[in-house]
Amino acid sequence: MLPKLFKMKKENELTKEQIGKDIVAGIIVAIIALPLSIALAISSGVSPEKGLITAIFAGFVISFLGGSKVQIGGPTGAFVVIVYGVVKTYGITGLITITMMSGIILVVMGLLKFGYLIKYVPQTITVGFTSGIAVTLLTTQLKDFFGLRIKDVPAEFIEKVESYIHNRSTFDRATFLIGLACIFILVYWPKVNKKIPASIIVLVLSTLVVNLFNLPTDTIGSRFNEISSSIPKPKIPHIDLQIITTLIKPAITVALLGAIESLLSCVVSDNMINDEHDSNMELVAQGLGNMASSIFAGIPATGAIARTAANVRNGGKSPISGMVHAITLLLIMVVLMPLAKLIPMATLAAILIVVSYNMGEWSHFRRLLSSSKSDVLVLVVTFVFTVVFDLVFAIGVGMTIHYILKFVKSRRKKEEDELKAA
C-alpha cells in the first residue's frame, strides 16, 4: 500500500499546472466546507469550532495519506445522528475516545485488507441506509428551522418527532421565514451563478439581514456563549479495558459507517476522474484522520461525497487540493471565527435540510421499489431500521435478509435445474 500522493510524485504526475489547479480547487472547497463544518458540528451536539477542527486535521491527513486522488475528508451528515446520540449518552469526553477507537479500528481494517469487502454490500443496503440517514438528518434540523423552543431534543427518532409535535405552539414565524428564504436561495442560486457557492450567499445575506434589522431569532452567539478560534493542545484520550468494553459498540458503528461512506465516495470520484482508488490505503488514512481529529478534540470524519465532487468539478486532480482545503480552513478559523456568532441558526438548518435532501438517493430508491420483491424487502427494512433504530443494526438485519433470500433463491434454482435434467 502506498498513498496516492506518493504514487503521483513517484510517477511524475504532479505538474506545476496541475498543482495550480489543485490550489484553486482546494480554496473553493474550503469555502463550501466552512458553513457545512459549523452546521454539522452544532447538529452533532458539539460547539461550532469542533467541525472546523475535524475538517482541518482529519481532512489534511485523509488527503495526505489517502488512497484516492481527490477525496475530501471531514464531518458529514451521515455522522450527525450517531454523534448526537453518543454525546447525549457518553458526553464530549466519550465522543473523543470513541473517535480515537474508531480510528484504530479503521486502520486495522485497512491493514487486514477489508477494503475489498465493500463490493459485497448490495445496492439495496447502501441506498436504504443512505436514504434513512438523510431522513434522520432532516429531522434534526426542524427545531431550528421552525424556531421551536425545546431545551433538550431527544436523540431517538420517534421521541424527537413527538417532542416537535408537543412543542409546536412555540413555532416562530420570523425564524421560519428566514429558513425558508435560505432554502429558496440554496435551490435557485446555482442557476444564477455556479462559481460562488450558494451556502456562502445565504450565510452572508441572512447574517446581514438578521443583525441589521435586529430580528428576534436565535444565532450561534445566543446558543454558544464562547466560540474558540484557537487550536486545542493535542491530547491522547485515555483508553483502558473498561473503556473499551463500554464504548466498543458505538466505536464500531462509527468505524463501519466511516468505512462504507468513504469507500462509496471513492467509487463515485473514480468514475469522475477515470481513476482507481486503493480501498485499503483509504481505510488506513481514514483511521489515522479520525485519530488526529480525536487528539485535537474533534469529531468523527469520513469521505464527503458532495465536497469531493465539488473538488473534481473545480479542477482538483491530486491530494494537494484536499490538503489546501484543510490549510485554508485553518486560516479562516483563526481569523474569522469570532464572526460566526452572528450567523442565524435557521440558516444552518436550511443548509443541512438541503444537504439531507441531496444526500438521499431518492431516484435510486424509487427505481429499486420497482425491482424484485426480495430487493424491495431488503431496501425498506434497511431504510426503516436506520431511521427508527441504528445504522449497524439496520445493516446487519438487511445483510442477513439479503443473503438468506439469495441462498433460498439459488437453492430453488438448483432444484428446478435438477428437475429439468431428470
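Helices, in the sense used here, are DSSP runs of at least four residues, and strands are DSSP runs of at least two. With these terms in hand, one stretch of this predicted model can be described. Over residues 327-357 the chain is 74% helix and 0% strand, and the C-alpha atoms at its two ends stand 29 Å apart. Residues 174-190 may be read in the same manner: here the chain is 100% helix and 0% strand, with 25 Å between the end C-alpha atoms. Both stretches appear in the UniProt record, an unreviewed entry, under "transmembrane region". That record also lists residues 23-45, 51-67, 79-108, 120-139, 196-215 and 377-405 under this heading.

The next subject is the empty space within the model. Rolling a probe the size of a water molecule over the atoms shows where such space is left. The largest pocket has a volume of about 1400 Å³. Its lining is made up of 41 residues, and those lying nearest the centre are I305, A306, R307, R313 and N358. Which helix gives the most to this lining? It is α13, with 6 residues. This helix spans residues 305-313, and it is one of those that each supply at least two residues of the lining. Others include α2 (16-43), α8 (173-192), α9 (198-212) and α15 (345-359). By class, the lining of the largest pocket divides into 24 nonpolar, 11 polar and 6 charged residues.

The second largest pocket holds about 610 Å³ of space. It is lined by 25 residues, of which V81, I82, G85, F389 and D390 lie nearest its centre. Here α4 gives the most to the lining, with 8 residues. Each of α4, α5, α7 (157-166), α11 and α17 (373-388) supplies at least two residues of this lining. Among these helices, α4 (77-111), α5 (123-140) and α11 (241-273) also each supply at least two residues of the lining of the largest pocket. The lining of the second largest pocket comprises 13 nonpolar, 7 polar and 5 charged residues.

Cavities remain to be considered. How many cavities of 30 Å³ or more does a search of the whole structure find? The search finds 1. About 70 Å³ of space lies in the largest cavity. The residues that line this cavity are D144, G147, L148, R149, T175, T217, D218, R223, M345 and A346. By class, this lining has 3 nonpolar, 3 polar and 4 charged residues.

Note on methods: Residues are numbered from 1 along each chain as its sequence is written. This is a predicted model: local features need pLDDT of at least 70, side-chain atom pairs count only at pLDDT 80 or more; totals for chains, interfaces and linings use all residues. Side-chain values use heavy atoms; hydrogens and water are left out. On a 1 Å grid over the protein atoms alone, a cavity is a set of points where a 1.4 Å probe fits but cannot get out, and a pocket is an open set with protein on both sides within 12 Å along at least five of seven lines; lining residues have an atom within 4 Å of a point. Grid points are joined across faces, edges and corners, and a volume is the space filled by probe spheres set on the points. Ala, Val, Leu, Ile, Met, Phe, Trp, Tyr, Cys and Pro count as nonpolar, Asp, Glu, Lys and Arg as charged, and the others, Gly among them, as polar. UniProt positions are given in the numbering used here, feature names are shortened, and annotations may be inferred rather than shown by experiment.
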